[in-house]
Amino acid sequence: MSGRVLRLTKPRLKGLLRVIFSRIMFIVLMIALQVTILVMLYIKFTEYVANINVFMSIFSILMVIYLYNSNMDSSSKLTWMMLIGLFPVPGAVFLGFTRFDLGSRSLKRAVINSVENTRDMIPQDPDVIEKLEQDGGDTEDLYAFVNKSGCYPIYENTALKYFDNGNDFLDSVLEDLEKAGKFIFMEYFIIGEGYMWGRVLDVLERKASEGVDVRVMYDGMCELKLLPPDYPERMKKIGIKCREFSKIYPFLSTYYNYRDHRKILCIDGRVGYTGGLNFADEYINLVPRFGRWKDTAIRLEGDAVRSFTLMFLQLWNIYYQEPSFDLVKNVKPFKVDNASGFVMPFADSPLDSYRVGEGMFLDVLGKAKDYVHIITPYLIIDDTMKNALKFAAERDIDVKLILPGIPDKKTAFAIAKSHYPDLISSGVKIYEYTPGFPHAKAMTSDGTKAMVGSINLDYRSLYHHFECAVYIYKSDVINDIEADFQETLGKCKMITPETIKHEKIGYKVFSKLLKFVAPLM
């Protein structure tokens with residue numbers, strides 16, 4: 001590996017000192033203090049109000065009635081009802097705090113307005129829809145579903161290239177960044193200083209000095225462990241516009257529940273990337289974490305990149321009173337070589353009523369004729385998703401899931417294991433990637449459908465995160481995605497009733513204990 005590596009921060013303290021003097025410790029202490037004050041006020045309140053128990057009982061009953069009639073999934077309802085049963089007052093108050101979006105209403109309003117105001121920004125080519133209708137593959141129905149939540153045309157004239165590792169992805173990104181002439185938009189959940197980000201940052205600084213409009217947005221969680229609070233200002237000094245999405249403050253709020261988990265890179269409206277890869281050294285296996293890090297991404301060149309440009313600007317522009325989307329409108333059409341099939345980039349917002357990511361999985365599982373192959377780092381699912389996986393397998397569809405052999409979060413891994421017996425009994429085949437941690441999020445089906453993006457099979461991705469992905473139909477790249485799945489499968493251990501029987505006792509116990517709080521994770 002060679003090339004200039006640009007850093008804007010000094011290496012951080014390690015070990016206990018890093019934790020003690022970190023911003024996350026300050027935020028945890030401040031929030032703990034606020035919770036303590038609220039508890040003390042409640043105790044004081046009960047001393048002066050004789051009928052407090054009656055009042056709180058009525059409040060708890062009302063919250064249960066509200067919960068029962070809400071559109072929340074059944075697994076989440078059971079979890080909340082049990083919490084309220086065990087801790088009536090705190091459970092009911094916590095439910096009200098989360099469901100009424102205290103602290104996040106302004107964010108919700110801004111995001112919904114941004115999406116609604118751009119609903120017709122990119123017109124759908126009617127010839128594409130006509131071809132899909134004549135094809136008879138039901139993809140036009142899926143297009144109709146996705147577009148109820150925003151502006152997500154389905155395209156031809158888009159060439160795709162799949163990456164099965166972070167190193168090849170980085171080389172391709174650097175090559176494309178060097179060609180940028182108008183703008184570079186980057187939106188990532190994680191950015192960590194080091195070799196991978198330093199190589200990219202070096203090019204971004206140079207391009208900004210040449211007059212290219214360079215914008216970077218990362219999730220506010222980065223500030224807790226990876227980047228200093230003034231990192232956007234440091235970026236501004238080298239000519240790069242930079243924003244944190246949903247910055248973390250030391251105050252109780254539901255605002256922090258909605259994280260920007262998307263991975264988007266757009267260059268001049270002509271080339272784009274999405275997938276599971278972020279920009280930190282573990283993604284290219286320079287820093288060993290959880291064994292071998294397995295990840296994927298996909299490169300788009302052509303018409304479909306306009307959708308990712310729009311997605312980026314929809315979130316970027318919520319911070320401006322007079323948002324501009326000219327860079328979406330002004331992209332001139334151009335012919336692409338090696339384009340095949342149909343491509344539909346889409347986003348999923350936790351702030352509307354559409355569960356787009358979940359719907360995409362359910363649609364593919366429900367319509368599969370031969371197989372559905374999924375690689376995901378997490379398996380924290382509700383009954384709807386679990387039943388869809390089971391039903392597909394019971395229809396003799398070859399349903400295979402690849403999960404970690406070395407997890408990044410043992411609690412999440414324990415919950416995933418709690419689903420193993422039920423899924424396997426229905427014929428779902430589950431494998432664990434023995435070399436390490438598969439952070440990839442990809443699905444293929446029947447040799448004709450695929451999806452690559454940022455969406456995990458867990459509650460946070462399906463209900464609480466901003467996500468994105470690209471749905472692919474009858475494109476040559478599907479063969480590459482499936483070939484990577486099969487190669488990865490060769491490095492996996494198959495889970496059987498026998499391996500479950502000999503599972504570590506810790507996982508057996510905690511998988512059952514943690515399963516009831518899975519919707520809150």
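## Helix packing and odd spots in a predicted model

Trainee: Let's start with α17 and helix α21 (residues 505-515): how do their axes cross?

Mentor: Keep in mind that this is a predicted model. The axes of α17 and α21 come within 8 Å. Angles from 65 to 115 degrees count as roughly perpendicular, and these two helices are therefore put in that class. The crossing angle itself is roughly 90°.

Trainee: Which residues of α21 does α17 meet?

Mentor: On the α17 side, the residues involved are Lys410, Thr411, Phe413, Ala414, Ile415, Lys417, Ser418 and His419. Sorted by class, the contact of α17 with α21 has six nonpolar, four polar and three charged residues. The partners in α21 are Tyr507, Phe510, Ser511, Leu514 and Lys515.

Trainee: Is His419 buried or exposed?

Mentor: Place it first: His419 is in helix α17, which spans residues 410-425. Anything under 20% relative accessible area is buried. His419 comes in at 4%, so it counts as buried.

Trainee: And what does His419 touch, leaving out residues up to four places away in sequence?

Mentor: One partner we've already met, as Lys515 belongs to the α21 side of the helix contact. With close sequence neighbours set aside, the list for His419 is Leu379, Ile381, Lys386 and Lys515.

Trainee: Over to another pair, then. At what angle do helix α8 and helix α15 pack?

Mentor: Helix α8 covers residues 139-146 and helix α15 covers 356-367, with their axes 11 Å apart. The packing angle is about 165°. That makes α8 and α15 roughly antiparallel.

Trainee: What is the handedness of that crossing, left-handed or right-handed?

Mentor: Here's the contact first: Asp141, Leu142, Phe145 and Val146 in α8 meet Val356, Gly359, Met360, Asp363 and Lys367 in α15. Those residues split into five nonpolar, one polar and three charged. As for hand, the crossing of α8 and α15 is right-handed.

Trainee: Now the backbone oddities. Where is Asn157 found?

Mentor: Asn157 isn't a glycine, yet it has a positive phi of about 50°. Its relative accessible area is 16%, so it is buried. Asn157 is found in the loop between α8 and β1 (158-163).

Trainee: Phe290 has a positive phi too. Is Phe290 buried, partly exposed or exposed?

Mentor: Phe290 has a phi of about 60°, again without being a glycine. Look for it in the loop between β7 (271-275) and β8 (292-294). The buried class stops under 20% and the exposed class starts over 50%. At 23% relative accessible area, Phe290 is partly exposed.

Trainee: How many disulfides does the count come to?

Mentor: A pair needs its sulfur atoms within 2.5 Å. Take Cys266, which is buried at 0% relative accessible area: its closest cysteine sulfur, in Cys468, is 9.3 Å away, so that is too far for a bond. Cys492 also counts as buried, at 17% relative accessibility. The disulfide count comes to zero.

Trainee: Stepping back to the whole protein chain, what share of its contacts with a separation of 6 or more comes from residues 24 or more positions apart?

Mentor: The chain's secondary structure comes to 21 helices and 20 strands. Of its 521 residues, 56% are buried. For contacts with a separation of 6 or more, the share from residues 24 or more positions apart is 81%.

Definitions and conventions:
Residues are numbered from 1 along each chain as its sequence is written. This is a predicted model: local features need pLDDT of at least 70, side-chain atom pairs count only at pLDDT 80 or more; totals for chains, interfaces and linings use all residues. Side-chain values use heavy atoms; hydrogens and water are left out. Axes are lines fitted to C-alpha atoms, for helices over the stretch in contact, and angles run from 0 to 180 degrees between N-to-C directions. Helices (H or I, at least four residues) and strands (E, at least two) are DSSP runs, numbered from the N terminus. Angles under 35 degrees count as roughly parallel, over 145 as roughly antiparallel, 65 to 115 as roughly perpendicular and the rest as oblique. A crossing is left-handed if the near helix is turned anticlockwise from the far one by less than a right angle, and right-handed if clockwise. Contact means heavy atoms within 4.5 Å. Ala, Val, Leu, Ile, Met, Phe, Trp, Tyr, Cys and Pro count as nonpolar, Asp, Glu, Lys and Arg as charged, and the others, Gly among them, as polar. Buried means under 20% relative accessible area, exposed over 50%, partly exposed in between (1.4 Å probe, protein chains only).
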